[in-house]
Amino acid sequence: MPSSVLWAVDLFGRVFTLSTAGQHWEPCRDAQLEFKRVSAARDCCWGIACDHQVYVLVGASDVPIRCQEEAYENQRWNPVGGFCEVLLPSDRWPCSDVSGLQHRPLDGVALPSPHWEWESDWYVDENFGGEPTEKGGWTYAIDFPATYTRDKKWNSCVRRRRWIRYRRYKSQDTWAKIPSEDDPQQLPDPFSDLSVGGWEVTDEPVGRLSVWAVTLQGKVWYRENVSHHNPEGSSWSLVDTPGEAVQISCGPHDLLWVTLWEGQALVREGINRNNPKGSSWSTVEPPTSENGILHVSTGVCVVWAVTKDRKVWFRRGVNSHNPCGTSWIEMFGEMMMVNVGLNDQVWGIGCVDRALYFRQGVTQSELSGKTWKAIVAGREGDRSLSGSSISLLSAGCFFGNEVRGGAESCGPGDTDASWEVPGPASSPARLRGKESKKGPSHATATFPEATDLSSLTLLQLGLEEPESTDCHALWAWVSGGGCAVEAHTTLKWFTTQSGLSPSTQTLLLPITPAQTAAWRRQIFQQLTERTKRELENFQHYEQAVEQSVWVKTGALQWWCDWKPHKWVDVHVALEQLTGNDAAQDSILFIYYVVHEEKKYIHVFLNEVTALVPVFNEAKHSFALYTPERTRQRWPVRLAATTEQDMSDWLTLLNLSCCESRRLHGRPSPQAIWSVTCKGDIFVSEPGPDLEAPERRLPCDQMFWRQIGGHLRVVEASSRGVVWGIGYDHTAWVYTGGYGGGCFQGLANSTSNVFTQWDVKCVHIYENQRWNPVTGYTSRGLPTDRYMWSDATGLQECTKASTKPPSLQWTWVSDWFVDFSVPGGTDPEGWQYASDFPASYHKYKTMKDFVRRRCWARASAGCTWAPTSPLPPSPSAPATRCGPWRGTAPPSTAAPCPPPGPTATAGTTSRLLPNRG
Amino acid sequence: MTDDKDVLRDVWFGRIPTCFTLYQDEITEREAEPYYLLLPRVSYLTLVTDKVKKHFQKVMRQEDISEIWFEYEGTPLKWHYPIGLLFDLLASSSALPWNITVHFKSFPEKDLLHCPSKDVIEAHFMSCVKEADALKHKSQVINEMQKKDHKQLWMGLQNDRFDQFWAINRKLMEYPAEENGFRYIPFRIYQTTTERPFIQKLFRPVSTDGQLHTLGDLLKEVCPSAVAPEEMWFTWVMPKSDVLMIYLSYC
């Protein structure tokens, strides 16, 4: 059997092919373009490139693709000149198509696209009906249109001859752009998905293909007249859909499924050889109502789907007569996408590791296959991967009677290196049709976070460079439409080639995140089962070890918010109690002495709504808010003698608050994010009943926990993507960690915490008033504002007294005059006005009695005391630790001078390997 | 696996429901009721049975009481084995709760070590931790720790305080990023079928040709005579035998 190729696109948009006979990914020969989508047929591959244009790559073949163009030259006899081009007014064009209705001058016949070239010039066809004509190739008739003969007769008043020219498709083996329509009204908006198929619907014309595409606006388009001799097709025509389409898949035969934005699937009915576009749509509901369909892929008589929770589903009972099928079956594994190729073979891209998986054991009798098997073929130029590939045991064999039958379909190559994870229960138990059970099966429901960060973190801690792009391709798209894998083909995709030196192999650890996730899931599940088995009926038993009260005590200062209204020394104790339900509750006691009388106040930490570091005085202090104290505008304020001490307390209190509210890990996608005016980031989890107006949580009862890092603006999406912008205009993306900053001492803060750098300018204003004797001086009227103030003039801000935004910030420049204030300044930076406060302008006029100018000083942020200096590296300009990762280099347009090398750079704590 | 708190918590908070019954030949002043407890799997019998001792001593005369010891179906229970190990080894196939017989007489000198005080348990526990760290880090980590860290580790175990324990134990579970794992993986294989108390060998997480070892590799090397790996029980988790050693070493 000749080899065929699998097409795939990696995360960088590079297109690769993998031959069924090969062991390496080969880059597409025409690598000029980056692609989003590819959809392959045997001889060609269609794709959407990064420019949203559609391209087709036609494979080179020995026989060129040629097309004949023809035109007819028509003449009429007249008594003066004999046959000539002078026709009657009612006649056809002198040069026309065969029907005579279209004017077709020889020099007016153009190539359909730049991808064609003429083979030769026009020449006269001297054959007529299979027999040679006289020189000149004329055929004669009484009149147009009539029967033409080779011979000139007495009554032959008209004659015509055929001109022929061949054009040849020249863009073979390169990506040929499908030309845009001339009429912009007709033009589809940018394409977002595309699928080719339908080559088995009819053989006429040769190589006919159905090319379907979906545009960004959710419209479905069909490419007319795509065939071997017209590989580009002729035009796009719109096919109406009852909803907004997002993705489309066309099988080799008459199956066409479309994913709708709302999560249902549309199935095209009525596709047949006479009507390859089909006639009507019917709707298929997703497997579960809460998770709509994200992706479908169709084969000859199978449909696979991926839902929004990345679960893989197999559609049962699909065939030509019933293109909708009967029910969904959940399959093992979590995938970004799946693709059905020839012979209904299936490929998928793993959700966690972005690796390519091949569904093994797909046969005609068992279309759902057996296992997902990772394709570990190396790419040219890559170091190849060593070691084992994995198979995840499938949902069992739904269509076969035996669970392990058909082992011959596994090539010998997979016997040594693969391993299989048993399903959590007996395998067939996980296999449920939709009708038998609603919702996801129990086993998967227990582990919503199979792609959990912690398992990835393990990998990062354990193995350096878990998957650099050098050694592990990350895939974005796969198409098997041109890849013929027979059930008994032996593929060499699953093992790596031998001949690697052992030292190379040592560097390349074969653990993929998917594996670790699978192990973790398995171990965790076994533990859960064990706990259930051993504890479920014995909950009433006494615990052997009683939970004791755990206390942290210390000396702090407390702002006595009644007389004498000053900082007083207090003893503080935090008592943590673990209740029987393992929930932690903590009480903070503050013991103070008034008039030699010992007193205390206490705060239940499960009532605390926010813990905010306060830096505006020369104290390491923080404020503790409860709903009641928020209403009173009077938080509990505590101060420590050292910054370390304060940070310890803040960490502990933060932790206890989260513990008592059972908040762990990263915030949910629904979380509300905010930044304080100091740039600290806080996040609040809305209750499950956020939408219910009658039970809406009053805002003073919302609990805000701090997330490490420092931002000026933060923006979150409902899918859990959080971006922010620092004061120095750097964009940051939230990595999902929850450490750094106030959580530096927290054991879990090591995951996904990176150093974060920020620069912020502090502005103060110098104000002056004019007097007739000395001109502008810093002597104001008694009613005037401070001569050195903030922008409002209400607060005194001198150069000496103004501090960086917080103790974690340090000055990185001296004071300088800021000329970039709105409204402009004079050369010395002054702005003039008639009085304070008024509108300022840049020129002094007669009426101006006051002036001001803005001074700025840059400060750089850093969350905790640097333990060793670390020069900010250009790739990650960072000193501040938080779960944020920079996404762009710092803007050169930043209004502050860049921090010099004197800027102190924080380090991560000792336990934290610096990954900045 | 230091960050995989779910697994760690489940391991830590594993409990075995146990029914303590006084041995029939013990002399009591009145009927001794059985005593029910949830025993932590990761702890030691004599560390967590103060309540049991008190309960039975109430019905006994002072002169009839000597050192307490436990027995299950005729087998004296070694207090220096973790409770979970004892259970999995001896009683995992029997119905719950685990029925343990309590003795105050005729201490089986040849089977058990004496446990006069909690200090003995602490010494034993710390020596196990040190031995493991010798294999993992040439004892570097444990030696760098302060006395109070050692104490916290022990207090964490004694008081069943997960956070307190793991705050220190985390350091013992780390290894340099440039290495593939611990120097050697500390493990012991306990079998009821053999005379040897346990099998212990030096075993690296990565083979000489750079492959990561699996638990199956370890079993093949260490006890080739063992029955099919699937039928073996492991103390705290029973992973599939193909699970890579490096992963297991975290749990």
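Chain A has 6 helices and 59 strands. The model is predicted. Of the 916 residues in chain A, 54% count as buried. Take the contacts in chain A between residues at least 6 apart in sequence: 59% of them join residues at least 24 apart.

**The annotated segments**

An unreviewed UniProt entry places the feature "domain: Peroxin/Ferlin" on chain A at residues 64-125, 137-170, 757-818 and 829-862. Consider residues 137-170 of chain A. This stretch is 0% helix and 47% strand. Its end C-alpha atoms lie 30 Å apart.

**Salt bridges**

Over all chains, the structure holds 26 salt bridges. Three pairs in chain A are set out here.

| Pair | N to O distance | Separation in sequence |
|---|---|---|
| Asp125(A) and Arg162(A) | 2.8 Å | 37 residues |
| Lys277(A) and Glu224(A) | 2.8 Å | 53 residues |
| Arg853(A) and Glu766(A) | 3.0 Å | 87 residues |

Start with the salt bridge between Asp125(A) and Arg162(A). Asp125(A) sits in the loop between strand 11 (123-124) and strand 12 (127-128) of chain A, while Arg162(A) belongs to strand 15 (residues 158-169) of chain A. The pair links distant parts of the chain. Asp125(A) and Arg162(A) are both buried.

Next comes the salt bridge of Lys277(A) with Glu224(A). Lys277(A) is in the loop between strand 23 (265-269) and strand 24 (280-284) of chain A. Glu224(A) is in strand 19 (residues 220-226) of chain A. Are the two partners buried or partly exposed? Lys277(A) has a relative accessible area of 24%, so it is partly exposed. Glu224(A) has a relative accessible area of 19%, so it is buried. The cut-off for buried is under 20%.

The third salt bridge joins Arg853(A) to Glu766(A). Arg853(A) lies in strand 57 (residues 850-861) of chain A and Glu766(A) in strand 51 (residues 758-771) of chain A, so the bridge ties together parts that are 87 residues apart in sequence. Arg853(A) is buried at a relative accessible area of 16%. Glu766(A) also counts as buried, with 10% relative accessibility.

Salt bridges also form a network in chain A. Its linked residues are Arg66(A), Glu119(A) and Arg168(A).

**Strands and sheets**

Strand 48 (residues 722-725) and strand 49 of chain A run antiparallel and are joined by 3 bridges. Ile725(A) has Ala731(A) in strand 49 as its bridge partner. The hairpin of these two strands has 5 residues between the strands. There, His729(A) takes a positive phi near 70°.

Which residues cover the two faces of strand 49 (residues 731-734) of chain A? Ala731(A) and Val733(A) are on one side, with Trp732(A) and Tyr734(A) on the other. All four are buried.

Elsewhere in chain A, 5 strands form an open sheet in the order 32-3-2-1-35, with mixed pairing. Strand 32 (378-379) and strand 35 (475-479) of chain A each have a single partner strand, so one side of each is left without a neighbour in the sheet. Within this sheet order, strands 2 and 1 stand side by side. Strand 1 (residues 5-10) and strand 2 (residues 15-19) of chain A run antiparallel, joined by 5 bridges. Leu6(A) has Leu18(A) in strand 2 as its bridge partner.

**Nonpolar cores**

The largest nonpolar core has 60 residues. The members that touch the most others are Phe20(B), Leu45(B), Phe70(B), Trp98(B), Val102(B), Phe125(B) and Leu157(B). Where does this core lie with respect to domain 1 and domain 2 of chain B? Both domain 1 (15-103) and domain 2 (118-172) of chain B give residues to the core, so it lies between them.

Leu157(B) shows what one such member contacts. Setting aside neighbours within four places in sequence, its contacts are Trp12(B), Val42(B), Ser43(B), Tyr44(B), Leu47(B), Phe125(B) and Phe165(B). A second, separate core has 35 residues, including Val9(A), Phe16(A), Ala49(A) and Cys483(A).

**A covered helix in chain B**

Helix 4 (residues 83-91) of chain B is mostly covered, with 7 of its 9 residues buried. The buried residues are Ile83(B), Gly84(B), Leu85(B), Leu86(B), Phe87(B), Asp88(B) and Ala91(B).

How values were computed: Residues are numbered from 1 along each chain as its sequence is written. Chains are lettered from A and ligands numbered from 1 in the order in which they are written. This is a predicted model: local features need pLDDT of at least 70, side-chain atom pairs count only at pLDDT 80 or more; totals for chains, interfaces and linings use all residues. Side-chain values use heavy atoms; hydrogens and water are left out. UniProt positions are given in the numbering used here, feature names are shortened, and annotations may be inferred rather than shown by experiment. A salt bridge is a side-chain nitrogen of Lys or Arg within 4 Å of a carboxyl oxygen of Asp or Glu. Buried means under 20% relative accessible area, exposed over 50%, partly exposed in between (1.4 Å probe, protein chains only). Two strands pair if DSSP finds at least two bridges between them. A nonpolar core is a set of buried Ala, Val, Leu, Ile, Met, Phe, Trp, Tyr and Cys residues joined through side-chain atoms within 4.5 Å. Domain bounds come from an automatic or database domain assignment. Contact means heavy atoms within 4.5 Å.
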